[in-house]
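Please keep the structure open in a viewer and follow the stops below in order, making each selection before reading what is found there.

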Amino acid sequence: GNNRAAGEGYLVFFGLGGGFYPEAALERQDIHHILIVDFDINGIAELLAAKEYVELFNDPRVNLLVDPTAQALEQYILDTWQPVLYGGIRVIPLRPRTEADHVSFGRAGDAVKAAIDRLAGDYSVQAYFGTRWFSNIVRNVFRAEKPETPLPPIRRAAICAAGPSLDAQLPVLAERRHDLFLIAADTALPALLAEGLRPDAVVSIDCQHISYYHFMQGFPKGIPLFLDLASPPLLSSLTDSPRFFSGGHPLTRYITQVWRPFPALDTSGANVTYAALSLADYLGAAEIELYGADFSYPLGRTYARGTYIHPYFENRQNRLVPLEALSSTFLYRSSAMKKIAASNRSDWYYETPVLRNYREGLEAKARTIRARLTVIPGKGAPITLPERTTDPRFPPAPIRLFSAGKASMSAEAFLSGYREGIRALPRVTQNMARYIRDLGEEAGQILPTLLPGAAAIKRRQSGLDGQETLEAAREYCLKELDLVLGSS
């Protein structure tokens, strides 16, 4: 059919054989990328000597990987599959070939699945937030223009998340507070202020307006608020000391390359505790203590006392929907929630797949940072940390100051140039893979900045193919830039 918006435009063939299947696939214009995976270089050499493959390999859509490691194959797919432009991905095994070497092709299958899982996760987040990220980022560019004083490095840090265990841990934190650089997740800020504990820094990465609720009681003067460039612009106006960083969005990376170099923080864990850990690592901390990181709902409680959720529900309760009903609706919104008994048996906690992923992401991050991480015991899901001795592989951290570099031009000049760059992107008149290959350097940098927004547009208008989605994204982004530049 013509309408293959959800179709599979990215094909992975396991086994080269005579190349007849890929050749047949090339006759279709809606096939954008073909990857052929095979093992045993000598066998491939024999095939290439025995048959003419010129037409197949002359097509820019076709790529052959011989004897790839699982890691190289996964990385190749992560680098080349653009779900929003190509549609779905499909694996087609050449049976006689895969059965002759099921171990190698089995590993390859796992690698493809791992890449799909990772990209599908990223893509579904983009499909929800892509347009909002874009509109936030272009508005923050004006706010991110001011010069700022560099932040000096730190030695010992405490990270404060907002899990229910924080209530019992606050006295411990208050006792050790004097020699710790205290980084609060935005959710935990009101709980800390209620106890008279003033953090040295606050981190916020959520692009939604819900993050505004964490600051309803006011934001104390002089505390730096670390914001992803994709955070709501409203947040930076609440503080006299906004500190922007570049998270994972292609547009924030483009801004850093072309306009002004912002510190890059790893936000791939998709939660604010993970981003706070990245910040402590960036600032060179050698020891980090973690408070309130439950990554679960101990005894069915969602957040520490004093956090936004309590006043938020109190304002919304009425006779028909009391506070308990609102809290339990919030708690039970995930159907995949599991009740798990804690090791001492009298305690228990609920865990959802999302919270488990957050916890496992933090555990993986802990294995890559130089600092020694200590988790203050709580009642949530246990966090497994790597055994750390003084490891010779980790030289002392480079001393880095947290500071944005010098802007190459005014914010207005940058945004105007970016708008022209989007306007100048050639229209898609041929196959998507050729289109991307033939883009010049500048257009090749600009195209990826539109793709998260394109994913959100495709979710709202599901019938669009890659070409139509890209045009709709271009229109959306130009309209946003006109608004921002018009109001400046």
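With the whole chain displayed, begin with burial: in this predicted model, 50% of the 488 residues of the protein chain count as buried. The exposed surface of the chain comes to about 23,500 Å², and carbon and sulfur atoms supply 52% of it. A cartoon representation will show 19 helices and 14 strands, and if contacts with a separation of 6 or more are listed, residues 24 or more positions apart account for 69% of them.

Next, select strand β7, residues 201–204, and show its side chains. Ala-201 and Val-203 point one way from the strand, whereas Val-202 and Ser-204 point the other way, and all of these residues are buried. Extend the selection to β6 (residues 181–185), which pairs with β7 in the parallel sense over three bridges; here Ala-185 stands opposite Val-203. Then add β8 (residues 225–228), which likewise pairs with β7 in the parallel sense over three bridges, with Leu-227 of β8 as the bridge partner of Ser-204.

Now bring in helix α9, residues 189–194, since together β6, α9 and β7 make a right-handed β-α-β unit. Within this helix, pick out Pro-190: is Pro-190 buried or exposed? Its relative accessible area is 5%, below the 20% cut-off, and Pro-190 therefore counts as buried. A distance drawn from the C-alpha atom of Pro-190 to that of Gly-218 should read 8.9 Å, although these two residues are 28 residues apart along the chain.

Move on to Asp-59, in the loop between α3 (54–58) and β3 (62–66). Asp-59 has a relative accessibility of 11% and so counts as buried. A polar atom of the Asp-59 side chain lies 2.9 Å from the backbone nitrogen of Arg-61. Which residues does Asp-59 contact when its neighbours within four places in sequence are left aside? Selecting Leu-26 and Arg-434 will display these contacts.

For the last stop, select β11, β13 and β12, which in that order form an open sheet of three strands with antiparallel pairing. Because β11 (297–298) and β12 (338–341) stand at the edges with a single partner strand each, one side of each is left without a neighbour in the sheet. Zooming in on β12 and β13 (residues 348–351) shows antiparallel pairing over four bridges, and in this pair of strands Ile-340 stands opposite Tyr-349 of β13.

How values were computed: Residues numbered from 1 in each chain as written. Predicted model: local features only at pLDDT ≥ 70, side-chain atom pairs only at ≥ 80, totals over all residues. Heavy atoms only, no water. Helix = DSSP H or I, 4+ residues; strand = E, 2+ residues; numbered from the N terminus. Buried < 20%, exposed > 50% of the residue type's maximum accessible area, 1.4 Å probe, protein only. Contact = heavy atoms within 4.5 Å. Areas by Shrake-Rupley, 256 points an atom, 1.4 Å probe, with all protein chains shown as cover. Polar contact = N/O pair within 3.5 Å; in protein donor to acceptor, adjacent residues only side chain to side chain. Pairing = 2+ DSSP bridges. Right-handed = clockwise from strand over helix to strand, strands pointing away.
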